[in-house]
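This report concerns salt bridges and the packing of helices. The structure is shown first, and the discussion follows.

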Amino acid sequence: MLHDSPRSSRLHSDTMTRLAADYRVYALDTPGYGASAPLDVEQPTITVLAAALGRTLEAMGLASAPLYATHTSAKIALEYAANFGNPPRLILDGLSIPVGTPDVAFIETYMRPFRLDDAGGYLASEWTRMRDMLRWFPWFTQTPLARMPVAEQSDAWIADYVVDFLSAGARYSSAYAAAMYYDPMPALRAVRCPTVVAARTDDVLLSSLERVPAGDNDALTVVRLPADGEAWLAWLARMFADAPHLGEQPAATAAAAVYVDLPHGQVLVRRAGRGSQRPLLILDAPTTLHAWAWQDALGGRPVLIPELPGCGDSDPLPAPSIDAAADALGAMLEQLGLGSVDVLGLGFATPLAAAFAARHADQVGRVVLDGCFALDDRDRHDVAAALCPEIGFDRAGGHLHRIWHMLRDAEAQWPWFDGSPAAQRALAPLLAASALHPSLLAILKQPERYGDIARAAVELPTTARYPVFASPALILDHADDPAYRAAHQIAALLPDAHVARRFANIADTCAVVCAFLDDAATHRVETSRVGEYAI
């Protein structure tokens with residue numbers, strides 16, 4: 001199943017669940033949308049996207065599966081079937097067949113660039129554009145005649161839509177614009193696999209069915225569908241009735257982004273770097289904001305960055321705890337076929353890094369803890385409650401700004417909701433929109449559960465927050481930053497630990513960390529004295 005623009009495979013989640021009783025269903029993200037990386041082409045054409053689809057289906061062992069596509073992806077799938085592949089059945093649900101040549105001025109206006117800005121103003125601008133896209137066609141013509149005759153969508157639907165819209169971001173127009181420039185008529189006349197061109201009566205593309213050249217190509221069938229969703233689903237299930245049995249598809253454990261199946265659900269793991277060193281598992285909570293900053297500083301060193309359970313695209317644990325999360329990490333590494341890794345724990349994920357090293361010592365080489373925090377036991381429940389609040393949906397878009405400023409505040413003070421002078425941070429803040437935007441998306445995807453692991457870490461009593469582990473450890477410390485107050489105490493408890501200065505910038509600290517990770521010698525520290533690590 002392929003999606004329209006600017007959506008992602010999330011569009012098909014409910015349909016997949018319904019069809020899964022009888023079929024194994026895959027939904028793919030178009031390059032640049034959802035969780036799929038963009039192609040290395042500034043403005044891909046439908047032909048380029050169709051070729052990429054063919055390579056993807058071959059790699060996944062799905063070239064012989066029936067193919068369903070809607071709106072933008074209908075053109076990608078049609079071009080693929082006509083020139084690159086031969087699916088047993090092609091189902092095009094909503095295919096735009098324009099009259100005349102493309103209107104370049106219209107397309108350029110409709111596809112106004114999506115530009116991030118460090119002040120966050122883009123959130124208001126794009127929220128308004130998104131809402132207008134759901135009311136008028138084209139969205140920039142706010143007149144009664146341009147108002148689409150459709151019911152207003154629910155809060156849940158809009159919340160899901162905006163995740164896809166903001167996920168596409170600057171790539172919002174790539175496939176969308178390509179589809180507007182694409183003429184499907186040559187491919188409609190050339191396609192040879194059984195092809196159904198359909199539309200529901202409430203689809204703005206219904207009139208295009210009149211232009212399908214079914215009389216010129218026996219492979220084409222035109223179907224007009226009722227607006228009723230249940231009737232549509234029953235029809236779709238019948239379209240797949242003669243789907244072939246393909247067997248198991250190849251695993252993709254070496255991919256840059258991998259969904260790992262665990263007992264509680266899936267965890268999304270992203271990979272970067274191609275160096276020969278032992279992989280570095282970077283743990284960050286409540287989002288991966290600082291993990292990616294560390295990855296950038298580490299250069300080519302191989303790293304794994306999971307979205308922890310409950311955050312982004314990783315399923316939440318049924319009963320979140322640090323021990324359960326540590327065990328999930330252990331199972332994740334087993335599924336990925338990795339022996340041992342080094343571990344870098346950041347901020348509220350430092351207790352998780354310590355627990356993982358303690359519970360799964362055979363999977364851990366060296367450990368770096370960046371941000372060992374201290375909390376009075378009397379305050380831990382209150383801090384946990386305020387740390388990662390549930391972000392309720394707001395039809396005016398206010399929830400986007402709540403997340404944006406919570407992320408920015410966390411860069412300026414610790415914890416983010418403490419505005420006192422004692423809470424002011426000494427580290428260089430990460431305030432670029434390019435860094436904050438992915439974290440905003442991760443919270444939007446699971447606004448109730450994104451803070452599960454960070455809250456679990458804070459809830460732990462002081463005596464249980466950092467379990468003792470045997471692996472060689474480097475504890476980073478910044479005396480003037482409130483997020484590092486437990487650094488020396490934690491180092492003193494460990495049998496093989498050393499403390500190093502945490503510089504204000506990650507780039508300046510990276511050399512210290514790499515020297516430690518690459519040094520085969522162990523570094524002991526006396527419990528009465530913790531020295532500086534010498535490069």
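## Salt bridges around helix H5

In this predicted model, Arg 135 and Asp 132 are joined through their side chains by a salt bridge, with an N to O distance of 3.5 Å. Arg 135 is partly exposed at a relative accessible area of 23%, whereas Asp 132, at 10%, is buried. Arg 7, Arg 10, Asp 160 and Asp 164 form one network through salt bridges that share partners.

A salt bridge also connects Glu 152 with Arg 131 (3.5 Å, N to O). Arg 131 belongs to helix H5 and Glu 152 to the loop between H5 and helix H6 (155-168), so the pair ties together parts 21 residues apart in sequence. Glu 152 is exposed, with 56% relative accessible area, while Arg 131 is buried at 11%.

## A link between distant parts of the chain

The count of salt bridges comes to 25. One of them pairs Glu 230 with Arg 18, whose closest N and O atoms are 2.8 Å apart. Glu 230 lies in helix H9 (residues 229-239) and Arg 18 in helix H1 (residues 13-19), 212 residues apart. Both count as partly exposed, Glu 230 at 48% relative accessibility and Arg 18 at 46%.

## Packing of H5 with H14

Helix H5 (residues 121-133) and helix H14 (residues 398-412) have axes that come within 10 Å and cross at roughly 160°. H5 is therefore roughly antiparallel to H14, and the crossing is right-handed.

Tyr 122, Leu 123, Ala 124 and Trp 127 of H5 make the contact with His 399, Leu 400, His 401 and Trp 404 of H14. By class, this contact has 6 nonpolar, 2 polar and no charged residues.

Methods
Residues are numbered from 1 along each chain as its sequence is written. This is a predicted model: local features need pLDDT of at least 70, side-chain atom pairs count only at pLDDT 80 or more; totals for chains, interfaces and linings use all residues. Side-chain values use heavy atoms; hydrogens and water are left out. Axes are lines fitted to C-alpha atoms, for helices over the stretch in contact, and angles run from 0 to 180 degrees between N-to-C directions. Helices (H or I, at least four residues) and strands (E, at least two) are DSSP runs, numbered from the N terminus. Angles under 35 degrees count as roughly parallel, over 145 as roughly antiparallel, 65 to 115 as roughly perpendicular and the rest as oblique. A crossing is left-handed if the near helix is turned anticlockwise from the far one by less than a right angle, and right-handed if clockwise. Contact means heavy atoms within 4.5 Å. Ala, Val, Leu, Ile, Met, Phe, Trp, Tyr, Cys and Pro count as nonpolar, Asp, Glu, Lys and Arg as charged, and the others, Gly among them, as polar. A salt bridge is a side-chain nitrogen of Lys or Arg within 4 Å of a carboxyl oxygen of Asp or Glu. Buried means under 20% relative accessible area, exposed over 50%, partly exposed in between (1.4 Å probe, protein chains only).
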